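User: I am new to this structure and would like to understand the terms used to describe it. Please set each value against the rule behind it.

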Amino acid sequence: MAHLQEEKLRLQEELLALQEKLAARESEEIAASVQLRGQAQEIGRLRSEMGGTDAEKHRDLLAAENERLRQEMKAREGELRELRRQQAACRDCTHLQESAGLQERLCQLQREAEEARAKLAELELEVQQKTNRLAEVELRLKDSLAERAQEEERLSRRLRDSQETIASLRAQPQQIKYVIKTVEVESAKAKQALCESQSRNQYLQEQVGMQRQVLKEMEQQLQSSQKTAAQLRAQIAMYETELERAHGQMLEEMQAMEDEKNRAIEEAFSRAQVEMKAVHENLAGVRTNLLTLQPALRTLTHDYNSLKRQVRDFPLLLQETLRSARAEIGQAIEEVNSTNRELLRKYRRELQLRKKCHNELVRLKGNIRVFGRVRPITKEDGEGPEAVSAVTFDADDDAVLHLLHKGKQVSFELDKVFPPQASQEEVFQEVQALVTSCIDGYNVCIFAYGQTGAGKTYTMEGTSANPGINQRALQLLFSEVRSKAADWDYAISVSVAEIYNEALRDLLGKEPQEKLEIKLCPDGSGQLYVPGLTEFSVQSVEDINKVFEFGHVNRVTECTNLNEHSSRSHALLIVTVRGLDRSTGLRTTGKLNLVDLAGSERVGRSGAEGSRLREAQYINRSLSALGDVIYALRSRQGHVPFRNSKLTYLLQDSLSGDSKTLMMVQVSPAEKNSSETLCSLKFAERVRSVELGPVSRKAELVSWPSQEQLEGDLPGSSGRGHASPSPGLPSGRSTSIRRKLQTSGKLRPVPV
């Protein structure tokens with residue numbers, strides 16, 4: 001209650017201070033009203049002299065409005081005093097928070113009222129300034145009029161004098177001309193003075209017009225002041241309504257809280273009586289027990305003192321024990337963390353060193369790198385137990401995969417294994433280092449091997465939306481060429497060929513069915529070349545797409561039981577990159593062979609008949625010859641049977657140690673293809689163990705006359721023979737595509 005009284009007293013003091021401020025504001029308003037009345041009298045006097053204006057009428061209305069607002073302010077102050085009396089009558093009220101909120105609202109309203117009065121005072125000051133300016137203009141007008149009257153009077157006197165002089169000189173004829181001239185001069189001066197007076201009068205009239213314009217502006221300002229006053233009255237009315245509503249809510253809440261307080265007091269009093277009765281009863285029982293428990297109490301007191309001493313000493317003992325335990329545990333944890341960090345650092349260093357040594361060993365030995373890629377299960381694999389995946393992967397080593405064949409698990413280790421979810425981009429990231437070495441003057445060969453339907457063509461060629469290694473390799477070559485354009489000049493040319501039924505055919509030539517032969521270069525280098533093989537110079541990705549489309553149209557594909565679009569030939573994309581370092585004169589020549597081998601197949605499962613059976617026999621025979629070559633290379637035999645097949649003969653440069661070679665073995669994970677998958681993986685392991693020796697770089701120091709001569713050095717097409725068309729070749733479409741290639745501005749055959 002004392003706190004409530006103090007809060008009430010503080011509130012009363014604030015109300016008294018507010019009342020004093022209001023009284024001071026009233027005195028200021030009285031002084032402003034006196035000043036306003038003086039201004040009104042002055043305006044009335046000016047109106048009597050010059051006539052009243054609309055601005056003066058609005059000014060009178062503003063004065064009346066100001067008086068009315070002052071009366072409303074007095075009424076609000078009376079209501080404030082009434083509210084203060086009500087608050088004084090409610091000294092024991094507990095609604096201090098509500099009273100404080102209302103007090104803050106009241107202060108806010110008073111501040112807004114003071115702001116409104118300040119605006120009104122500013123408007124009155126501006127009216128006073130305009131009135132003073134008007135008075136000054138009127139004084140200057142009076143002075144101008146007086147000066148004008150004096151000038152007219154002076155001119156009239158001079159006119160009368162001139163007339164008298166004329167009358168007196170009429171008696172002297174000999175001087176009349178002179179007198180007339182004199183009068184004329186004096187008349188011109190009078191006219192000039194009269195014109196000056198008229199111009200001055202016009203200037204004064206313009207000044208009066210300007211002052212009237214000023215009065216109009218003051219009228220507009222008075223109108224805006226009236227609008228502001230109306231807005232202030234609306235805000236005051238809103239604040240009064242909100243104040244009344246808050247006052248009513250405060251009274252209702254005060255009454256409700258008073259009732260609740262009385263009810264709580266009654267309930268507490270009744271509970272206290274019941275508890276007091278129970279306490280008296282318990283006290284009587286306790287007194288009885290105390291008399292019987294005094295001996296036991298002395299014993300317990302002694303024990304308590306002993307335990308108290310032990311408890312007092314226990315925190316110190318516990319803190320010391322915990323401190324030593326924490327120190328030992330922290331030291332042990334730090335030692336373990338240090339050991340783990342050191343082991344992790346050594347492990348990472350050993351992994352990097354092992355990878356570096358392995359890559360260096362592979363480079364020095366010239367081993368054929370072998371990557372494996374497992375295609376996903378497709379709807380062509382069917383359903384049931386035979387369509388279940390028989391291939392699993394090692395979670396800790398991405399170079400190992402496991403094949404479940406006839407109930408036994410067989411493990412294979414390659415250089416890299418790509419699971420079914422691996423994208424074309426991920427596969428190309430692993431081979432792009434080999435592709436870029438072609439720019440540096442190395443020969444590179446990448447060929448895809450596996451059974452039919454395992455995804456070889458998809459990996460090498462891909463689709464238009466998701467291209468494979470072929471197109472990505474050429475795009476990468478163009479990107480590298482552009483990045484080195486400041487120092488190097490490069491020329492890139494491509495050839496596309498296929499081996500169909502042991503016949504080498506040019507897929508970009510005018511006669512794709514013509515058979516070509518493989519011969520040794522006449523320069524004595526020992527390398528092989530194909531006379532008459534068409535070679536197109538490409539300069540952009542658009543050129544690549546045109547070449548791929550032309551070569552794809554001419555390639556032989558047919559439908560079998562194992563693959564709807566089975567490749568019936570071995571496709572070879574040969575990319576030649578010739579470069580010249582303009583600063584040193586170093587010329588490099590690199591060749592990139594991208595080979596999509598036809599898939600091995602079992603005739604009984606593929607259902608091949610007729611020409612398809614003959615194609616399958618040639619495919620299996622050439623792949624068998626490739627196996628014989630790999631076996632001879634692995635066992636380091638003196639004679640390697642490269643000439644047993646056109647395929648192995650054409651790949652002789654890539655398999656005889658003069659090329660960086662990568663084999664992409666494609667694997668089908670279906671259980672029904674586990675036998676073919678086992679053969680493919682075994683062949684991949686044999687290929688991986690072949691050592692071809694270090695690779696040499698094709699570079700020489702020569703001069704490079706021009707880019708045109710570079711393109712002129714590229715081998716072009718030579719004479720063609722005529723062969724019978726093979727089945728499945730759309731000759732009409734291939735002819736139209738070749739015509740487009742030859743009519744292109746950028747894509748053209750390189751001359752011989």
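Analyst: The exchange below takes up overall make-up, burial, salt bridges, helices, a hairpin and a surface patch in turn. The model is a predicted one.

User: What makes up the protein as a whole, in helices and strands?

Analyst: There are 15 helices and 19 strands in the protein. Its 752 residues include 37% that count as buried. The exposed area is about 43,800 Å², of which carbon and sulfur atoms supply 53%.

User: What share of the contacts with a separation of 6 or more comes from residues 24 or more positions apart?

Analyst: Residues separated by 24 or more positions account for 77% of those contacts.

User: Why is the pair of Glu342 and Lys346 called a salt bridge?

Analyst: The rule asks for a side-chain nitrogen of Lys or Arg within 4 Å of a carboxyl oxygen of Asp or Glu. For Glu342 and Lys346 the N to O distance is 4.0 Å, and therefore the pair is counted under that rule. Both residues belong to helix α4, 4 residues apart, which is about one turn of the helix. Salt bridges in the protein number 12 by this rule.

User: Why are Glu342 and Lys346 called partly exposed?

Analyst: Partly exposed lies between the cut-offs of 20% and 50% relative accessible area. Glu342 has 31% and therefore falls in that class; Lys346, with 37%, is also partly exposed.

User: Which parts of the chain does the salt bridge of Arg688 and Asp415 link?

Analyst: The side chains of Arg688 and Asp415 meet at 3.2 Å, N to O. This pair links distant parts of the chain, with Arg688 in helix α13 and Asp415 in the loop between β4 and β5, 273 residues apart. Arg688 has a relative accessible area of 22% and is therefore partly exposed. Asp415 also stands at 22% and counts as partly exposed.

User: Why can the salt bridge of Asp440 and Lys484 be said to tie together separate parts of the sequence?

Analyst: These two side chains meet at 3.5 Å, N to O. Asp440 lies in the loop between α5 and β6, and Lys484 in the loop between α7 and β7, so the pair ties together parts that are 44 residues apart in sequence. Asp440 is partly exposed at 29%, and Lys484 is partly exposed at 27%.

User: How do you know that the span of helix α13 is close to the expected one?

Analyst: The expected span is 1.5 Å times one less than the number of residues. Helix α13 has 15 residues and reaches 21 Å from its first C-alpha to its last, against 21 Å expected. Helix α8, with 14 residues, reaches 20 Å, close to the 20 Å expected.

User: Which residues of α13 and of α8 are buried?

Analyst: In α13 the buried residues include Leu678, Leu681, Phe683 and Val687. Among those of α8 are Ile544, Val547, Phe550 and Val553.

User: How do you know that strands β3 and β4 pair?

Analyst: Pairing requires at least two bridges between the strands. Strand β3 (residues 400-405) and strand β4 (residues 408-413) have 6 bridges in the antiparallel sense, and therefore the requirement of at least two is met. Leu403 stands opposite Val410 in β4. The hairpin has 2 residues between the strands.

User: What makes the phi of Lys406 notable?

Analyst: Most residues other than glycine have a negative phi. Lys406 is not a glycine, and its phi is positive, near 55°. Asn501, in the loop between β7 and β8, likewise has a positive phi of about 55° without being a glycine.

User: Are Lys406 and Asn501 buried or exposed?

Analyst: Exposed means over 50% relative accessible area and buried means under 20%. Lys406 has 71% and is therefore exposed. Asn501 has 15% and therefore counts as buried.

User: What makes up the nonpolar surface patch, and how does Leu283 qualify for it?

Analyst: Leu283, Val286 and Leu290 form the patch, of about 240 Å². A patch residue must have over 30% relative accessible area. Leu283, in helix α4, has 36% and counts as partly exposed, and so passes that 30% cut-off.

Notes:
Residues are numbered from 1 along each chain as its sequence is written. This is a predicted model: local features need pLDDT of at least 70, side-chain atom pairs count only at pLDDT 80 or more; totals for chains, interfaces and linings use all residues. Side-chain values use heavy atoms; hydrogens and water are left out. Patches are made of residues with over 30% relative accessible area and no salt bridge: like charges are joined within 9 Å, nonpolar side chains (Val, Leu, Ile, Met, Phe, Trp, Tyr) within 5 Å. Accessible areas come from the Shrake-Rupley method with a 1.4 Å probe; for residues, only the protein chains shown count as cover. Buried means under 20% relative accessible area, exposed over 50%, partly exposed in between (1.4 Å probe, protein chains only). Contact means heavy atoms within 4.5 Å.
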